Amino acid sequence: MAWGDPSFGEVIAIGSFKKKVAVFQNKGNVWTEVAFHEIHEGSVNHVEWASPAFGVKLFSAGNDGSVGILELKKGAWNITSFAAHECSINSLSVRPIALNE
């Protein structure tokens, strides 16, 4: 579970053993699911938000060795993922940087 930056509103992200990443938002003491995606082939072991300087981006680490990226743009969630390891990823830390080519 990871709390979103306060600039996103009161939001949390949750990873599950059922391969899903969910985002919930609190409005008026009512938590509502605002996004729900199956990104991984196995359980989701960790979720973490990027700095708000990079927009609304949520990263997830999967038991299948992949990293998922959810990015909110113009009201829609864009989903990408990539294979990062041959075995389970238990945690990740997000610090986007600019790379010079």
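Let's start with Asn26, which at 13% relative accessibility counts as buried, because the cut-off for that word is under 20%. Keep in mind as I go that this is a predicted model. Asn26 belongs to strand β3. Its side chain reaches out to the backbone nitrogen of Asn29, at 3.2 Å. And if we set aside residues up to four places away in sequence, Asn26 touches Glu10 and Trp31.

So what surrounds strand β3? Here we have an open sheet of four strands, running in the order β1-β2-β3-β4, and the pairing is antiparallel. At the edges stand β1, residues 2-3, and β4, residues 30-38; each has a single partner strand, so one side of each is left without a neighbour in the sheet.

Let me walk you across this sheet. β1 pairs with β2, residues 11-15, in the antiparallel sense, over two bridges. You can pick both out by eye: Ala2 has Ala13 as its bridge partner in β2, and Trp3 has Ile12. Moving on, β2 pairs with β3, residues 20-27, again in the antiparallel sense, this time over five bridges. One of the residue pairs here is Gly15 in β2 with Val21 in β3. These two strands make a hairpin with four residues between them, and if you look in the turn you'll find Lys19 with a positive phi of about 70°.

Now please turn to the other sheet. This one is open too, with four strands in the order β5-β6-β7-β8 and antiparallel pairing. Its edge strands are β5, at 44-49, and β8, at 76-83, each of them pairing on one side only. From one strand to the next, the twist averages 20°. β5 and β6, residues 56-62, pair in the antiparallel sense over five bridges, and Val44 finds its bridge partner, Gly62, in β6.

On to the inside. In soluble globular proteins, nonpolar side chains tend to be buried together. In our model, the largest nonpolar core has 14 residues, and those with the most contacts inside it are Val21, Val23, Val47, Trp49, Leu58, Leu70 and Trp77. β2, β3 and β5 each supply at least two residues of this core, and β5 gives the most, with three.

Val23 is a nice one to click on. Leaving aside its neighbours within four places in sequence, Val23 is in contact with Ile12, Ala13, Thr32, Glu33, Val34, Ala35, Trp49, Leu58 and Trp77. There is also a second, separate core of eight residues, which includes Ala50, Ala61, Ile89 and Leu92.

Last topic: the rings. How many aromatic pairs does the count come to? Two. The one I'd like to show you is Phe8 with Trp49, a tilted pair, 5.5 Å centre to centre with 50° between the planes. Where do these two residues lie? Phe8 is in the loop between β1 and β2, while Trp49 is in strand β5, so the pair ties together parts that are 41 residues apart in sequence.

And are these partners buried or exposed? Phe8 is buried, with a relative accessible area of 16%, and Trp49 counts as buried as well, at 9% relative accessibility. We have met Trp49 already, among the residues with the most contacts inside the largest nonpolar core, and among the contacts of Val23.

That's my tour, thanks for listening!

Technical notes. Residues numbered from 1 in each chain as written. Predicted model: local features only at pLDDT ≥ 70, side-chain atom pairs only at ≥ 80, totals over all residues. Heavy atoms only, no water. Pairing = 2+ DSSP bridges. Axes fitted to C-alpha atoms, helices over the stretch in contact; angles between N-to-C directions. Buried < 20%, exposed > 50% of the residue type's maximum accessible area, 1.4 Å probe, protein only. Polar contact = N/O pair within 3.5 Å; in protein donor to acceptor, adjacent residues only side chain to side chain. Contact = heavy atoms within 4.5 Å. Core = buried A, V, L, I, M, F, W, Y, C linked by side-chain atoms within 4.5 Å. Phe/Tyr/Trp six-rings, centres within 6.5 Å; stacked < 30°, edge-to-face > 60°.
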